[in-house]
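Visitor: Can we go through this model together? I'll ask short questions as they come up.

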Amino acid sequence: MKSILVTGGCGFIGSHTCLSLLEKGYYLFVVDSCVNSSDQVLRKLKNLSIINFKLKYLKGDLRDISFLRRVFEEAKKCNKPISSVIHFAGLKSISESIRYPLEYWDNNVIGSINLFKIMEEFSCRTIVFSSSACIYGLTNQTFINEECEVKPTNPYGQTKVTIEKILKDLFVNSLSEWKILCLRYFNPVGAHHSGEIGEDPIGVPNNLFPYISQVAIKRRKELDVFGSDWKTIDGTGVRDYIHIMDLAEAHLAALEYLFDKKKNFLVLNIGTGIGTSVLELVKIFEKTNNCKIPYKLKMRRTGDVGSVIADNKKALAILNWSPKRNLEDICKDGWNWQKNNPYGFQK
Ligand SMILES: NC(=O)c1ccc[n+]([C@@H]2O[C@H](COP(=O)([O-])OP(=O)(O)OC[C@H]3O[C@@H](n4cnc5c(N)ncnc54)[C@H](O)[C@@H]3O)[C@@H](O)[C@H]2O)c1
């Protein structure tokens with residue numbers, strides 16, 4: 001079975017994807033600096049995939065190119081040369097990126113360039129890259145397809161566009177054959193149904209779903225709902241929420257799609273194509289989990305938009321994949337994780 005390098009494998013999306021890959025029998029090398037995660041998640045992965053736990057964790061930072069070289073060398077030495085990479089590692093907070101742009105450019109872009117250099121050095125040229133729907137910027141269009149203008153409004157989004165461009169350059173200009181898939185995620189939420197792994201934000205959550213869960217567990221008093229005068233079903237913002245295990249499975253499908261290809265470069269939206277308002281999500285969470293989520297309606301935040309929903313037709317047509325879980329599954333599984341682990345991996 002092939003060996004896959006998963007960068008950022010201790011993080012939210014990385015850890016759930018590792019589980020899907022382990023279940024399929026892949027040998028994994030996980031690289032993470034744990035700047036935004038805990039390696040405790042690996043213990044949980046081991047418990048969840050007893051038979052197939054073929055994973056080697058190497059703690060380190062992608063900006064350290066000699067560390068990366070050692071990872072590829074070690075894989076080669078133990079006769080498990082890395083065939084392909086799923087590249088999750090990166091900083092992901094929009095607000096933080098506005099405050100600390102240099103840190104974001106340094107971490108996300110320099111780290112990625114190092115990774116691509118070492119991949120080239122070891123003739124490993126198959127990669128699935130974590131991009132983001134936030135690169136589409138402010139648009140009045142509700143359904144976003146891959147042809148929509150790319151115009152990010154913050155440094156985080158800029159770093160994602162830049163990395164996509166570097167990958168495109170490699171595809172177009174490199175003499176060797178790169179196989180590249182950039183997945184532009186919409187809003188990954190929920191947790192593995194076991195309640196053993198899930199999203200564990202450090203500090204105040206930037207995203208809606210972990211905020212709702214932390215209100216439910218009484219770590220936070222109430223939810224602030226920003227904007228109640230959008231042209232949506234109830235005035236609150238509408239987004240496309242995708243279950244984390246559907247997203248994990250999209251990575252598996254993306255990787256296996258690339259295995260069969262020669263030279264390739266593709267960008268795909270990964271979402272459900274279904275929009276849900278903030279208050280709709282709150283109601284479904286309350287009903288599914290029999291709890292109350294107190295909330296307060298607040299003014300719109302600058303830079304927000306009313307509705308953002310994925311046009312996911314291209315991904316559905318190209319990958320042998322479609323999202324299978326609904327909002328009730330998201331709320332049930334997300335709550336299961338939160339109530340079993342009120343303080344995430346710390347306790
Ligand atoms: N979660 C989302 O809503 C979302 C949406 C769109 C895109 N993405 C992208 O998907 C990827 C994964 O997101 P996530 O939600 O799992 O985030 P996460 O923060 O949970 O995971 C990212 C992981 O990368 C690690 N990391 C960061 N910089 C590193 C470096 N230089 N070297 C080694 N490890 C490093 C972190 O410690 C963390 O474990 C990120 O690139 C993110 O930008 C996430």
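Visitor: Which residues does Leu183 touch, not counting residues up to four places away in sequence?

Guide: Leu183 touches Val128, Ser130, Ser131, Ala250, Ala254, Leu268 and Ile270, with residues up to four places away in sequence left out. Two residues are in contact if their C-beta atoms, placed from the backbone, lie within 7 Å. This is a predicted model, in which local features need pLDDT of at least 70, side-chain atom pairs count only at pLDDT 80 or more, and totals for chains, interfaces and linings use all residues. Residues are numbered from 1 along each chain as its sequence is written.

Visitor: Which residues of the largest nonpolar core touch the most other members?

Guide: Leu28, Leu183, Ala254 and Ile270 do, out of 92 residues in that core. Helix 8, residues 244-259, gives the most to this core, with 10 residues. A nonpolar core here is a set of buried Ala, Val, Leu, Ile, Met, Phe, Trp, Tyr and Cys residues joined through C-beta atoms within 7 Å. Buried means 20 or more other C-beta atoms within 10 Å of the residue's own, exposed means 12 or fewer, and partly exposed is in between, with C-beta atoms placed from the backbone. Helices (H or I, at least four residues) and strands (E, at least two) are DSSP runs, numbered from the N terminus.

Visitor: Now the ligand. Which residues come nearest?

Guide: Gly8, Gly11, Ser37, Gly90 and Ser130, of the 29 residues around the ligand. A residue is near a molecule if its C-beta atom, placed from the backbone, lies within 6 Å of it.

Visitor: Which element supplies the largest share of that shell?

Guide: Helix 1 does, with three residues. Helix 1 (12-23), strand 2 (27-32), helix 5 (101-121), strand 5 (126-132) and strand 8 (187-189) each supply at least two.

Visitor: How many of the shell residues are charged?

Guide: Four, next to 12 nonpolar and 13 polar residues. Ala, Val, Leu, Ile, Met, Phe, Trp, Tyr, Cys and Pro count as nonpolar, Asp, Glu, Lys and Arg as charged, and the others, Gly among them, as polar.

Visitor: Different topic: at what angle do the axes of helix 9 and helix 11 cross?

Guide: At roughly 65 degrees, and the axes of helix 9 (residues 278-289) and helix 11 (residues 327-340) come within 9 Å. The contact is made by Leu281, Ile284, Phe285, Thr288 and Asn289 of helix 9 and Leu327, Glu328, Cys331, Lys332 and Trp335 of helix 11. By class, this contact has six nonpolar, two polar and two charged residues. Axes are lines fitted to C-alpha atoms, for helices over the stretch in contact, and angles run from 0 to 180 degrees between N-to-C directions.

Visitor: And the loops? Where is Asn79?

Guide: Asn79 sits in the loop between helix 3 (65-77) and strand 4 (82-87). Its phi is positive, about 60 degrees, although Asn79 is not a glycine.

Visitor: Why does Asn79 count as exposed?

Guide: Because Asn79 has 7 C-beta neighbours inside 10 Å. Ser123, in the loop between helix 5 and strand 5, also has a positive phi, near 50 degrees. Ser123 is exposed, with 9 other C-beta atoms within 10 Å.

Visitor: What does Thr153 touch, not counting residues up to four places away in sequence?

Guide: Gly137, Leu138 and Gly303. The C-alpha atoms of Thr153 and Gly137 are separated by 5.5 Å, and the two residues are 16 residues apart along the chain. Thr153 is partly exposed, since 17 other C-beta atoms lie within 10 Å.
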